[in-house]
Amino acid sequence: EAAAIYKKILESLAPIANATVSHPVLGYTIAKEIAQDFRRTRGLNAFGFGVGYGQLLFFLKNFMKAKVKGMDIGHFSKEITKRKKLKVKHGVNVDDPAIRRHGKFDLTYSINVFEQDVLQSRVTALKMLSNTAQMTKKGGKSYHIITLEYPQFITRKDMEQLGFRVEKWEKIEGGGTFIKLTKVPD
């Protein structure tokens, strides 16, 4: 039900949102998976990498009652995320190991972060993936959307070597790839 509400809200914002944020279907894809995987979302700890204006983070907090934190490399959305009362750290690189100080989370996610124009190198992508692995609790889930059909910088093997089991790796509406991971014991 929460995922359906999210989709409806974002569809109404789509004409405005597409100018500055990812397509609403992307956040909906993750919200739907979270609802299916966790059933009860109240109190879940969630962390978003590259949250931008924090649409999904806002939804997780206010409609799914999760405890949320996030980070973004830019400062452009600082005032908006502050007004939304989201705990977002701005101006932080996704490959910075200091991000790990935020703790361990039931779920982590990213939308359009594992992209060449954002990360610019395989080394940076692997460091971000390492941060993600360190911050996802054992048995926790990590969701990622990449707008490319075949990710350029990361592979299934990379994810498995960092302690994830690949649950899904599939095309999504409008192109791109949805990846769902489960953190396995070290």
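**Aromatic contacts and helix 6 in a predicted model**

Q: Over the ring of which residue does the charged end of lysine 84 sit?
A: This is a predicted model. A lysine counts as sitting over a ring if its NZ is within 6 Å of the ring centre and within 35 degrees of the ring normal. The charged end of lysine 84 lies 5.7 Å from the centre of such a ring, that of phenylalanine 58.

Q: How many aromatic pairs are there, and is the pair of phenylalanine 47 and phenylalanine 49 stacked or edge-to-face?
A: The count is five aromatic pairs. In the pair of phenylalanine 47 and phenylalanine 49, the ring centres are 5.0 Å apart and the planes stand at 70°. Planes over 60 degrees apart count as edge-to-face, so this pair is edge-to-face.

Q: Is phenylalanine 47 buried or exposed?
A: Buried means under 20% relative accessible area. Phenylalanine 47 has a relative accessible area of 0%, so it is buried.

Q: How are the rings of phenylalanine 59 and phenylalanine 63 arranged, stacked or edge-to-face?
A: Their centres are 5.2 Å apart, with the planes at 20°. Planes under 30 degrees apart count as stacked, so the pair of phenylalanine 59 and phenylalanine 63 is stacked.

Q: Which residues do ring pairs link into a cluster?
A: Phenylalanine 47 and phenylalanine 49 pair edge-to-face. Ring pairs link these two and one further residue into a cluster: Phe47, Phe49 and Phe105.

Q: What distance does helix 6 reach from its first C-alpha to its last?
A: Helix 6 covers residues 122–135 and has 14 residues. At 1.5 Å a residue the expected value is 20 Å, and the helix comes close to this, reaching 20 Å.

Notes:
Residues numbered from 1 in each chain as written. Predicted model: local features only at pLDDT ≥ 70, side-chain atom pairs only at ≥ 80, totals over all residues. Heavy atoms only, no water. Phe/Tyr/Trp six-rings, centres within 6.5 Å; stacked < 30°, edge-to-face > 60°. Buried < 20%, exposed > 50% of the residue type's maximum accessible area, 1.4 Å probe, protein only. Helix = DSSP H or I, 4+ residues; strand = E, 2+ residues; numbered from the N terminus. Expected span 1.5 Å × (residues − 1).
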